[in-house]
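Me: I've just opened this one and I'm new to it. Can you walk me through what's there?

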Amino acid sequence: MAARAGPPRLRLPIVGRRLLLRIPQPSDASAIAHALRDRRVTRPIHLPVGYSIRDAREFISRSKQGLKEGSKYNLSITLRSGGELIGGCGLDRIRFDHRNAHVGYWIARPHWGRGYASEAASLVISAGFRQLGLHRIHSDVFPDNPQSMRVLRRLGFRVEGRARQDRVVSGRYRDMILFGLLREEFRPFRPRPAA
Ligand SMILES: CC(C)(COP(=O)(O)OP(=O)(O)OC[C@H]1O[C@@H](n2cnc3c(N)ncnc32)[C@H](O)[C@@H]1OP(=O)(O)O)[C@@H](O)C(=O)NCCC(=O)NCCS
């Protein structure tokens, strides 16, 4: 009997115009921990205060496991030119039976505002639709995170609702804005022409 094929896999690394998304390496731990010391980066992605190198190492080894199983793709975002690690992005909560997944991303504070999150999310979403055969990708954002909402809207995501009091943050309930993108609605990232 022929062996049953497993789920489809992403071909890595994913190479874009300015960015290269690759499997996190143990040597990424210190850059990740350094970037994730900044509460402006960690608060919106539900990471605790005091993110350490040890946390980063655990994250990298969990990511490896997810990649091995093809169940989630946590990738390091690096600059093609020079190789600096500037963030993370990926697809997780992948449900192959329903052909959907969740997308998440963060960018180290010194690199905000240059379109890197839009480019990285666009690359991983495009690969998710084409290579994993996904039909829908979703994300959820705190209402006070306009940058992230801008990234999602720019790629074609639409607001699908508001999950009221969905998270407990510092002992208080917080709403989340729910975004969804169908394959045919996707608008890949295009850098703005220089003024
Ligand atoms: C959200 C985040 C990833 C954006 O990264 P980035 O590389 O700066 O994003 P981009 O440059 O691709 O796009 C940011 C957009 O937000 C816009 N923006 C920035 N500040 C804004 C504000 N206060 N209000 C509205 N829009 C704003 C920018 O103008 C840009 O839009 P434009 O390209 O149309 O001009 C980054 O801020 C981050 O890491 N935040 C913490 C983690 C996080 O929130 N992750 C997402 C969880 S849902």
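Me: Let's start in the middle of things. How many bridges join E3 to strand E4, and do they run parallel or antiparallel?
Reply: E3 and strand E4 (residues 85-95) are joined by 6 bridges and run antiparallel. Helices (H or I, at least four residues) and strands (E, at least two) are DSSP runs, numbered from the N terminus. Two strands pair if DSSP finds at least two bridges between them.

Me: Before we go on, what kind of model is this, and how are residues numbered?
Reply: It's a predicted model, where local features need pLDDT of at least 70, side-chain atom pairs count only at pLDDT 80 or more, and totals for chains, interfaces and linings use all residues. Residues are numbered from 1 along each chain as its sequence is written, and side-chain values use heavy atoms, with hydrogens and water left out.

Me: Back to E3 and E4. Which residue stands opposite Gly-90?
Reply: That's Asn-74. The hairpin of E3 and E4 has 5 residues between the strands, and Gly-82 there takes a positive phi near 100 degrees.

Me: What about E2 and E3?
Reply: Strand E2 (residues 19-22) is joined to E3 by 4 bridges, and the two run antiparallel. Arg-22 has Ser-76 in E3 as its bridge partner.

Me: Is E3 covered or open? How many of its residues are buried?
Reply: E3 (residues 73-79) is mostly covered, with 7 of its 7 residues buried. Buried means under 20% relative accessible area, exposed over 50%, and partly exposed in between (1.4 Å probe, protein chains only).

Me: Which residues point which way?
Reply: Tyr-73, Leu-75, Ile-77 and Leu-79 point one way from E3, while Asn-74, Ser-76 and Thr-78 point the other way. Both sets are buried.

Me: Zoom out for me. What order do the strands come in?
Reply: There are 8 strands in an open sheet, ordered E1-E2-E3-E4-E5-E6-E8-E7, with mixed pairing. At the edges sit strand E1 (14-15) and E7, each pairing on one side only. In general, strands of a sheet pair through backbone hydrogen bonds, either parallel or antiparallel.

Me: And what does E1 pair with?
Reply: E1 pairs with E2 in the antiparallel sense, over 2 bridges. Val-15 stands opposite Leu-20 in E2.

Me: Which helix lies across E1 and E2?
Reply: That's helix H4 (residues 116-131), which lies across E1, E2, E3, E4, strand E5 (100-107), E6 and E8. H4 runs at about 50 degrees to E2; axes are lines fitted to C-alpha atoms, for helices over the stretch in contact (heavy atoms within 4.5 Å), and angles run from 0 to 180 degrees between N-to-C directions.

Me: New topic: charges. How many salt bridges does the structure hold?
Reply: It holds 10 salt bridges. A salt bridge is a side-chain nitrogen of Lys or Arg within 4 Å of a carboxyl oxygen of Asp or Glu.

Me: Give me an example.
Reply: Glu-160 forms one with Arg-136, the closest N and O atoms being 2.9 Å apart. This pair links distant parts of the chain: Glu-160 is in strand E7 (residues 158-169) and Arg-136 in strand E6 (residues 136-141), 24 residues apart. Glu-160 counts as partly exposed because its relative accessibility is 47%, and Arg-136 is partly exposed too, at 24%.

Me: Any others?
Reply: Arg-158 and Glu-185 meet in a salt bridge (3.4 Å, N to O). Arg-158 is in strand E7 and Glu-185 in the segment after strand E8 (172-182), 27 residues apart. Arg-158 has 51% relative accessibility, so Arg-158 counts as exposed. There's also a network of salt bridges linking Asp-140, Asp-166 and Arg-167.

Me: OK, the ligand. How many residues surround the ligand?
Reply: 24 residues surround it, each with a heavy atom within 4 Å. The closest are Gly-113, Ser-118, Asn-145, Arg-150 and Arg-154.

Me: Which backbone atoms lie by its oxygens?
Reply: A backbone N or O atom of Gly-115 lies 2.7 Å from an oxygen atom of the ligand. For Arg-114, a polar backbone atom is 3.4 Å from a ligand oxygen.

Me: Last one: is Thr-42 buried or exposed?
Reply: Thr-42 counts as buried because its relative accessibility is 0%. Thr-42 lies in helix H2 (residues 39-42).

Technical notes
Polar contact = N/O pair within 3.5 Å; in protein donor to acceptor, adjacent residues only side chain to side chain.
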